Every structure is written in C-alpha cells, then in structure tokens.
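These are my notebook entries on one protein chain, written as I went through the model on screen. I began each entry with something to look up and then wrote down what I found.

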Amino acid sequence: MTSLHCARLAGALVFLAATAGPAFGAGAQSPQSGQQRVESFLQGLAGLQAEFKQILTDRNGLTIDEASGTLAISRPDRFRWDYRKPYQQVIVADGTRIWIYDSDLEQVTVRKLDETLSARLLRPLSSIAGVDWVRMEPKRDDTDFRWVRLGFEGALLKYMQLADKLGQTTSLEFSKLERNPPLDPSRFTFTVPPGADVIGDASSSPAAPVRKP
C-alpha cells in the first residue's frame with residue numbers, strides 16, 4: 001500500500017467522519033431515501049470502531065492488494081486506521097493533520113487535514129442482495145477520490161467503496177462495528193518515531209507517543 005493510496009483513503013475517511021445531514025444536496029433523481037439512510041446512521045454518532053478487510057482493484061477489476069486491520073473514528077475530525085496484515089501501517093488524523101506511517105520504510109507522510117469536505121447524493125437508495133447502497137461524491141473537484149459508496153445491512157454500516165481518480169477502487173468490509181465506544185483521546189495523536197523520515201510539515205500539531213500495531 002503506497003503512501004499516495006493511503007492519502008486517498010485518508011481523504012475519504014475525513015469525508016465520512018465529517019459528513020453531516022446539512023452537507024447533502026438533493027440530486028435530480030430526488031434521492032431522499034438514501035439521504036435518510038445516511039442521516040439515520042449519523043444521528044447521535046460521536047464515534048465508532050471496527051475491524052476491516054480491504055481489497056484494492058485496478059480499473060479492470062483485477063486485485064492489486066489485500067489487507068486487514070482496525071479502524072476508530074472520533075467525529076468530526078479524528079480517526080485512526082491500523083493495517084495489521086500483511087504489512088503494518090498507521091494512518092492518524094489528529095484534528096490538524098493526517099499522519100501516514102509506514103514502519104517498514106520508516107517513513108512518515110504528513111498532510112494538512114481538510115475539514116471542508118461535503119457531499120452530494122447522486123442516486124436514490126438501491127438494494128442489492130440485501131445490502132442498501134448510497135452513492136455520494138465530494139462537491140469539490142480537488143479531492144483524491146471521485147465517489148464513495150456506503151453499504152448498509154439494516155442499521156449497520158457493513159461496506160464502503162472508494163473510487164479514486166486513477167480508476168482504482170478500494171472495497172472495505174467492516175465487522176465487529178461498535179457505535180460510540182469509549183475511545184482514548186491518545187489514540188488520535190502521533191509522534192514521529194526516532195529515525196523516521198518525514199515528508200511534509202510536522203510542526204505545531206498535537207502529539208503523543210506513537211503506538212505501533
């Protein structure tokens with residue numbers, strides 16, 4: 001998993017964590033049911049944690065990469081994404097910046113956290129094999145991804161799909177998802193490990209000792 005792809009995924013996670021009902025705009029097909037499903041899921045949601053399985057495919061649908069790990073989100077602007085298999089990487093949003101740490105490369109990539117993303121629903125709710133899908137796109141054109149699809153089984157968020165501007169698609173399946181679990185604030189802070197190379201501006205950001213997966 002390259003830092004560039006991690007950055008695209010991180011952008012989508014910010015989009016998901018920050019999304020709120022007023023950010024949605026109705027499309028030509030009147031996607032009210034889809035909007036209601038997303039708003040219902042976000043209602044009262046302060047945070048979540050889950051395990052995930054991830055598959056990355058190219059524009060031809062061929063699998064490029066598979067991975068798994070854990071995710072924690074503290075809305076609206078903090079999350080932690082820990083890859084555990086087959087490699088170890090960490091993505092942390094601390095409210096100011098996004099930190100992407102590759103332990104094998106001993107490299108940290110830092111990006112400014114963009115809190116201004118908002119979404120518009122493109123299609124009404126669609127149901128496929130018992131999963132209700134809602135598709136959204138960022139209103140702005142300068143994001144790293146083209147669209148995000150959320151798949152719900154009942155009231156639970158089960159799937160997330162992200163299409164980037166290179167034609168690649170990241171598919172995530174969530175399990176053991178918990179709404180509003182107790183989350184230690186220190187999970188969403190990061191300190192550059194000694195000896196690691198830093199790409200980007202790491203100054204003036206909250207920090208705590210990094211937790212390696």
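**Entry on a hairpin.** How many residues lie between β11 and β12 in the hairpin that they form? I found 4 residues between the two strands, and I noted that glycine 167, in the turn, has a positive phi of about 90°. I keep in mind here that the model is a predicted one. Strand β11 covers residues 156-164 and runs antiparallel to β12, with 5 bridges joining the two. For a single pair to look at, I picked leucine 162, whose bridge partner in β12 is threonine 170.

**Entry on another partner of β12.** I then looked up how β1 pairs with β12, and I found that the two strands pair in the antiparallel sense over 9 bridges. One place to see this pairing is threonine 57, which stands opposite threonine 169 in β12.

**Entry on glycine 47.** Glycine 47 lies in strand β1, which covers residues 47-57. Is glycine 47 buried or exposed? Its relative accessible area is 4%, so I wrote it down as buried, the cut-off for that word being under 20%. I next listed what glycine 47 touches beyond its neighbours within four places in sequence, and the contacts include Ile73, Ser74 and Arg75 as well as Glu178, Arg179 and Asn180. Arginine 179 is 132 residues away from glycine 47 along the chain, yet their C-alpha atoms are separated by 6.2 Å.

**Entry on lysine 176.** I went back to β12, which covers residues 169-179, because lysine 176 has its place in this strand and, with a relative accessible area of 62%, is exposed. Lysine 176 also has a positive phi, of about 50°, although it is not a glycine.

**Entry on glutamate 106.** I noted a positive phi for glutamate 106 too, near 50°, and this residue is likewise not a glycine. Glutamate 106 lies in the loop between β5 (97-102) and β6 (107-112). Its relative accessibility is 45%, and I therefore recorded glutamate 106 as partly exposed.

**Entry on the cis peptide bonds.** Which residue is joined to proline 86 by a cis peptide bond? I found that lysine 85 is, with omega at about -5°, and that proline 86 sits in the loop between β3 and β4 (89-94). I also recorded a cis peptide bond from arginine 75 to proline 76, with omega near 10°. Proline 76 is found in the loop between β2 and β3.

**Entry on aspartate 77.** Aspartate 77 has its place in the loop between β2 (63-74) and β3 (78-85). I had to check whether a loop residue such as this one counts as buried, and at 16% relative accessibility aspartate 77 does, because the value is under 20%. The side chain of aspartate 77 and that of arginine 78 are joined by a polar contact of 2.7 Å.

**Entry on the nonpolar cores.** Which residues touch the most other members of the largest nonpolar core? I wrote down Trp81, Leu150 and Phe174, out of the 31 residues in that core. Strand β10 (residues 145-153) supplies the largest share of this core, namely 4 residues. Apart from this core I found another, of 8 residues, with Val90, Val92, Trp99 and Val110 among them.

**Entry on the whole chain.** Stepping back, I counted 2 helices and 13 strands in the protein chain. Of its 213 residues, 49% count as buried, and its accessible surface comes to about 10100 Å², with 50% of that belonging to carbon and sulfur atoms. Among the contacts with a separation of 6 or more, 52% are between residues 24 or more positions apart.

**Entry on confidence.** Last, I looked up how confident the predictor is, and the chain averages a pLDDT of 79, with 73% of the residues scoring at least 70. Where does pLDDT stay under 50? I noted residues 21-32, for which the model has 24 contacts beyond four places in sequence, and residues 207-213, for which it has 22 such contacts. Where pLDDT is low, the predicted coordinates should not be read in detail.

How values were computed: Residues are numbered from 1 along each chain as its sequence is written. This is a predicted model: local features need pLDDT of at least 70, side-chain atom pairs count only at pLDDT 80 or more; totals for chains, interfaces and linings use all residues. Side-chain values use heavy atoms; hydrogens and water are left out. A nonpolar core is a set of buried Ala, Val, Leu, Ile, Met, Phe, Trp, Tyr and Cys residues joined through side-chain atoms within 4.5 Å. Buried means under 20% relative accessible area, exposed over 50%, partly exposed in between (1.4 Å probe, protein chains only). Contact means heavy atoms within 4.5 Å. Accessible areas come from the Shrake-Rupley method with a 1.4 Å probe; for residues, only the protein chains shown count as cover. A polar contact is a pair of N or O atoms within 3.5 Å; within protein, one must be able to donate a hydrogen and the other to accept it, and residues adjacent in sequence count only if both atoms are side-chain atoms. pLDDT is the predictor's confidence in each residue, from 0 to 100. Two strands pair if DSSP finds at least two bridges between them.
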